[in-house]
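Thanks, everyone, for making the time. I would like to take you through one structure this morning, beginning with its nonpolar interior and then turning to its charged pairs.

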Amino acid sequence: MCSSDTTSSGSVAVGGADSLFSYCQALCEKNLRVEEIFRGVLCSTQAYDNFREGLLPDGERSSSSSTHIKQSWQWYEDAVEALPDTAMPSDYQDASGSVGVRGHTTFLGELVFWMINYEFPEKLSCFLLSMRPDTAFEDAFTRSFVTHYGKMSQMLNRCSDFRTTSPRAVHVSVQLFSDQKLAIRMVKEYPLLDVLVICLQRVVEQALIEVTPHGVDASVGVVRVVDIRHRIMTKQCFWPFLSDLNNLLGHRPIAHMLITNDWLRNQFFSFIASCQYMNPLDRRVQSYDGEHGGEEPPYVAGVSCELEVLSVGVWNLLSHLHDPNDEQCISHMMSLVDSARKVLLDWLDKIRFSGVDTMPELMSFHLPVHRLLALYLSHATRVLKMPISRLLPSFEVLSLALAHPLKTQLLYHETMSGLHKNPLFDVQSQVNTYSMMTMGHVHFCADLYLLQLAASHLRPQAVVLQNMHRFSILPHLELANIPCDSSSPAVGQVGSFHLSKENLRMYIFLVHMCFIAAIRTHYGQSSCVVFLCSVVYPAMTPCHEPAMTPCHEPAMTPCHEPAMTPCHEPAMTPCHEPAMTPCHNPAMTPCHNPAMTPCHEPAMTPCHEPAMTPCHNPAMTPCHNPAMTPCHNPAMTPCHNPAMTPCHNPAMTPRQIET
C-alpha cells in the first residue's frame, strides 16, 4: 500500500474513531464505575483472547462477527508489518530480551500501537491519559508505550504533518516519564535508554552527507555529517527523542546509568559527532545557495540542533555532578571527559588532521564535540576543583583541537570588522547568532576556553605563532613589507576610522588576543563576574569600539571598586567626558537610589550616609566612594550620561544651583 493510500485510510479510521473515544471519555468522567470497567477490560488478557477468537462474554462463539474479525485481523497484521521496530546495532546485546514488540496480549497494547501508527490522534491519546490516576493502569500504559517506543522513529519519518504530530507525541511521553519512580523502573526493566539513543541515530542517519573538511581524498576516507538542509533537520524530526532523553536524564539515577554504561555513552557521543562540522563555509565563496523565501534560513536548523544536543549532553548530566568531595561525582566526571576526548580524537583521525590545515578557508560554526570537551573541562576545574593534568593525560589533544575554533574566531572577527558584507552571504547572521548572549556561553566562550587552555599548557611560542599564522599577520611584521607612504587604500572601517588591509589585519589580531586574555567565562572568573560579562558584553560589543575598553578587561577597575575615583569627585573627569569609558550597561538599573534626595538638593544627606543603599550592591552599577565630596558641589560638572536616566528623583522638583 502506498504512503498516500495509507495516510488517507488512516485519516478516515481516526476520524471515525474520534467520536467513539470522546463518548467513552465522557462516560468515564461522569461515572467512576464505568472508568473502572474500561480499565479492567483494556488490561485483561482474557478479554483480548476472547475477542481474537470471536467469543462472546459468556464463552459462546459469535458466527455473525467471524468474517469481520478475520478482516480486521488481516488489517492489523498488515499495519504491524508496515511499521517495524527500530533496528538495533549488530553489537548490541539485549540482555533483558524485551526490545521490540512480540505481539499484543491486551486491548491496551494494541491501542498504543494504533495510537503510534495513526500519529497520536488527540482523542485516543486523551482517553488513555485520562485514566492515568490509577496506578496499575499507569504502569501498564507506560509499559506498553515503552515496548512500542522503537516504532516512533519509523512513524515520524513517514508522517504527513510533523509539526502537529511531534507535540502530540511529546505530550504523551512527558507525562509518562516525569514520574521518577516509574521512569527508573522502566529504564531498569526495559532498555529504554538504549532504544531512545538508537532512535536518535536512526533519525539523523537519513540526513548524513559526506564532507571533506581538509581536502581529504574521497577514496581515502571522508566524514559523514548531518545536512542541515535535509527535511529531517528543517522539520526537526529529532526533537521528540531529544525531549524525552532530556526528560529522563533529569532524574539523577537515570543520568548515572547513562554515564556508567560505556556502550550507551559511546553511542550517544557518536550521535553528537554526527553534528560536527555541519554547514561548512568557504570564506572564498561570497555567495549563498539557499533561497528560503520568508522561511527560516537553513543555518537556524543547525543552531537549534546543536543547542538541543549540548543541553542534553552537558547541562542535564553536569547538573548531577556538583560535589567535589563525592568520589562518585569525580569518577563520573572523569568518564565524561575521557569519552569526549576520545570522540574528538576519533573525529580528527577520520578527517586525517595531524596539525597541518590543508584547507584554511573551509570552516564551520558547528563544533559540538570541541565544545562538549571544553564545557566538561570547565565544569570539572571550576565546580569539582579537579586539576587539568588529572583530566587530560596528554596535552596533545589541545594542540590538535586548537585549529578549528581558531578559524571560527577569525571569521567572527573579520565579519565584525566589516569584511563580509555581501547580502548573499549569510555569514553575518551566523556570526550574530554565534556570539549572542543566549548562546555565547556555549559557543563563543567555549571556543575561547579551548584557546586559553592551549595557551596555558602548551609552549607559548607555538601558540602565539599559530595564532599569528592563522590571522595572516606574519608577513606584515617584516620591515621590508612596511609601505613607504600612507596611501594604502582602506579596506575596512572600525568605528570612524578607515583602515588599510595591513592595519585591519593587525587590529583584528590584537582584538583576538585581548579576547583570549580578558574574557574568562570558563577560565578563572567568579560566577558573579561571568553573569555580568554575559549581560554587558553582548549588549555593548565593546571590543569593536577602538576608543572603548571592554568591561571585563583585567586592567580596568570595576565601577564598584572602593578604590575607584567617584564620578562626582571634583578632580575627576565627568562621566560624559569622551576620554572616560563608563562600564555600565544601558540595560541595567541606573546608579541612583529612587528613595534618596536629588543629587543637587542642598539639604540632601551626603552620599556616604549609612542609610543609603551601599554602593557595592551587585544589582547596581554604583559610582560613588564613601570618602567622596557630597554630590551638591557647585564647582562640579554634572555627571549626566546621555545614555542614562538623570540621577534626580522624577517625583521631586530640583532646586537650581545659584551661581
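What follows is a short walk through the core and the salt bridges.

Please keep in mind throughout that this is a predicted model. Let me start with the interior, where the largest nonpolar core has 154 residues, and where the residues with the most contacts inside that core are L128, F141, Y149, M333 and Y376. As general background, nonpolar side chains in soluble globular proteins tend to be buried together. If we take Y149 and set aside its neighbours within four places in sequence, we find Y149 in contact with F177, L192, V195, L196, C199, P240, F241 and D244.

Turning now to charge, the count comes to 16 salt bridges, and I will go through some of them. In helix α15, which spans residues 262-273, the side chains of D262 and R265 meet at 2.9 Å, N to O; these two are three residues apart, so about one helical turn separates them. Their exposure is worth stating, since D262 is partly exposed at 46% relative accessible area, whereas R265 is buried at 8%.

In helix α2, residues 32-42, R33 and E36 are likewise three residues apart, and their closest N and O atoms are 3.4 Å apart, with E36 partly exposed at 42%. In helix α17, residues 327-350, K342 and D338 lie four residues apart, about one turn of the helix, and their salt bridge has its closest N and O atoms at 3.2 Å; D338 is partly exposed, at 26%.

Finally, D139, R143, R185 and E189 are linked in a network of salt bridges.

Methods. Residues are numbered from 1 along each chain as its sequence is written. This is a predicted model: local features need pLDDT of at least 70, side-chain atom pairs count only at pLDDT 80 or more; totals for chains, interfaces and linings use all residues. Side-chain values use heavy atoms; hydrogens and water are left out. A nonpolar core is a set of buried Ala, Val, Leu, Ile, Met, Phe, Trp, Tyr and Cys residues joined through side-chain atoms within 4.5 Å. Buried means under 20% relative accessible area, exposed over 50%, partly exposed in between (1.4 Å probe, protein chains only). Contact means heavy atoms within 4.5 Å. A salt bridge is a side-chain nitrogen of Lys or Arg within 4 Å of a carboxyl oxygen of Asp or Glu.
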